Amino acid sequence: MTNAPRSPLLPATALKVPGGGQLPVITFLQRALAAKRQCSPQVAYASALRALANRAVTDLAGNHLSSTHKAGSDTLWVTRPIVDGPPPHLPVCYRTEHITVVNKPAGIATTPRGSYIARSAVVAARTQFHNPTVIAAHRLDRLTSGALLLVHSAQLRGRYQQLFARAAVTKTYCAVTTPPRRPLPAGLDTGNITAISLPLIKPAGHLQVRVDPHGTTTHTRIQLRRATNTAWWWRVWPTGGMQHQIRVVFHHLGIPIMHDPLYPEVLPPYAPQWYHGLALHAEELAFTDPLSGEDVCVQAPLNRKLAGEAEAR
């Protein structure tokens, strides 16, 4: 199998045209993209021009190609252009030879996708640590800040992913919610740890995760840390990692997390909540390292906004 060119930022996608080595690069790309995307030759040609303009096309040796080159083989590599600004700095909480735990800022994605390419933790880490093989072992929502475990090579990723799949990682979050407008279930306001089990499902084509009797059962423990007239502070321990699990739990209880653009209602795309970050922070990861056998407990300090709110409340 042919290896992709080593990129400091993004993995490359292979485009293949059998016997296409003698084709001009622009023709090669047009044919390959039309077949891959099932689009018209005109649309494929426009995409090929954009890829070439962004210096996103390389041969097997990693050399950038222009429209005047011959393809040279039946495989070319294309990386996505970075259009969303420079990668952010990632504070390091813990680092070994094989892994790094960073304090992901709110507002950046975990992995590059859509309009979040440079502004993703993986691309930022590859740039910051000069390592093109860094990959995430798990996922944090874009609007959630906090501890994110990164693995230094794809070959080791499975060892650490399995920790999360087996619920062998204790994850502790800090959440700030609105005060309750209706009575809470008994015991929630006492400071005791309360276990909440909810069946959750994400319908196709919907942004929100919903409580549904046919959904996957999730388990979350929550504990009230402090309460004021304007906000309630919680410590949260989710088991597993279903998308939006913590957010849906508090929405279901009638105390949605502050600054959430999806719960209780989906806000329009221009709403500031989409850009300011949730009042939800992954404070701590605790696990036994599968390579060293060492017990690891890593804390990610609260970001300035949440820390400031904590001091003020």
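Trainee: How many residues lie between E11 and E12 in their hairpin?
Mentor: Keep in mind that this model is predicted. E11 covers residues 216–227, and E12 covers residues 232–239. The two strands run antiparallel and are joined by 8 bridges. Alanine 227 has tryptophan 232 as its bridge partner. The hairpin leaves between its strands 4 residues.

Trainee: Which residue in E11 is the bridge partner of proline 199?
Mentor: Start with the strands. E9, residues 194–201, pairs with E11 in the antiparallel sense over 7 bridges. In E11, the partner of proline 199 is threonine 217.

Trainee: How many of the 8 residues of helix H5 are buried?
Mentor: Buried means under 20% relative accessible area. The residues of H5 that meet this are Gln245, Ile246, Arg247, Val248, Val249 and Phe250. H5 is therefore largely enclosed by the rest of the structure, and its buried count is 6.

Trainee: Which strands do the buried residues of H5 pack against?
Mentor: H5 runs over residues 245–252. Just after this helix, glycine 254 takes a positive phi of about 85°. The packing partners of the buried residues are E8, E9, E10, E11, E12 and E13.

Trainee: How far apart are the end C-alpha atoms of helix H1?
Mentor: Work out what to expect. H1 has 13 residues, from 25 to 37, and at 1.5 Å a residue it should span 18 Å. The model agrees, because the end C-alpha atoms are apart by 18 Å.

Trainee: What do the buried residues of H1 pack against?
Mentor: Name the buried residues of H1 before their partners. They are Val25, Ile26, Phe28, Leu29, Ala32, Leu33 and Ala34. An α-helix has 3.6 residues a turn, so residues three or four places apart point the same way. The buried residues of H1 pack against E1, H2, E2 and E3.

Trainee: Which residue just after H1 takes a positive phi?
Mentor: H1 covers residues 25–37. Look just after the helix. The phi there is about 55°, and the residue is glutamine 38.

Trainee: Which are the edge strands of the open sheet of 3 strands?
Mentor: The order is E1-E3-E2, with antiparallel pairing. E1 is joined to E3 by 4 bridges. Alanine 14 stands opposite tryptophan 77 in E3. An edge strand pairs on one side only, and here the edge strands are E1 and E2.

Trainee: Which residues are closest to the centre of the largest pocket?
Mentor: The volume of the largest pocket is about 480 Å³. Its lining has 18 residues, and the closest to the centre are Arg113, Arg139, Arg142, Gln243 and His244.
By class, the lining holds 7 nonpolar, 5 polar and 6 charged residues. So much for the classes; the names asked for are Arg113, Arg139, Arg142, Gln243 and His244.

Trainee: Is glutamate 97 buried or exposed?
Mentor: Glutamate 97 sits in the loop between E4 and E5. The cut-off for exposed is over 50% relative accessible area. Glutamate 97 has 68%, so it is exposed.

Trainee: How far apart in space are glutamate 97 and aspartate 189?
Mentor: Along the sequence they are 92 residues apart. The C-alpha trace of the protein chain spans about 75 × 45 × 40 Å along its principal axes. From C-alpha to C-alpha, the two residues are apart by 43 Å.

Trainee: What percentage of the residues of the protein chain count as buried?
Mentor: The chain has 7 helices and 14 strands. Of its 313 residues, the share that counts as buried is 47%.

How values were computed: Residues are numbered from 1 along each chain as its sequence is written. This is a predicted model: local features need pLDDT of at least 70, side-chain atom pairs count only at pLDDT 80 or more; totals for chains, interfaces and linings use all residues. Side-chain values use heavy atoms; hydrogens and water are left out. The expected span of a helix is 1.5 Å times one less than its number of residues. Buried means under 20% relative accessible area, exposed over 50%, partly exposed in between (1.4 Å probe, protein chains only). Contact means heavy atoms within 4.5 Å. Two strands pair if DSSP finds at least two bridges between them. On a 1 Å grid over the protein atoms alone, a cavity is a set of points where a 1.4 Å probe fits but cannot get out, and a pocket is an open set with protein on both sides within 12 Å along at least five of seven lines; lining residues have an atom within 4 Å of a point. Grid points are joined across faces, edges and corners, and a volume is the space filled by probe spheres set on the points. Ala, Val, Leu, Ile, Met, Phe, Trp, Tyr, Cys and Pro count as nonpolar, Asp, Glu, Lys and Arg as charged, and the others, Gly among them, as polar.
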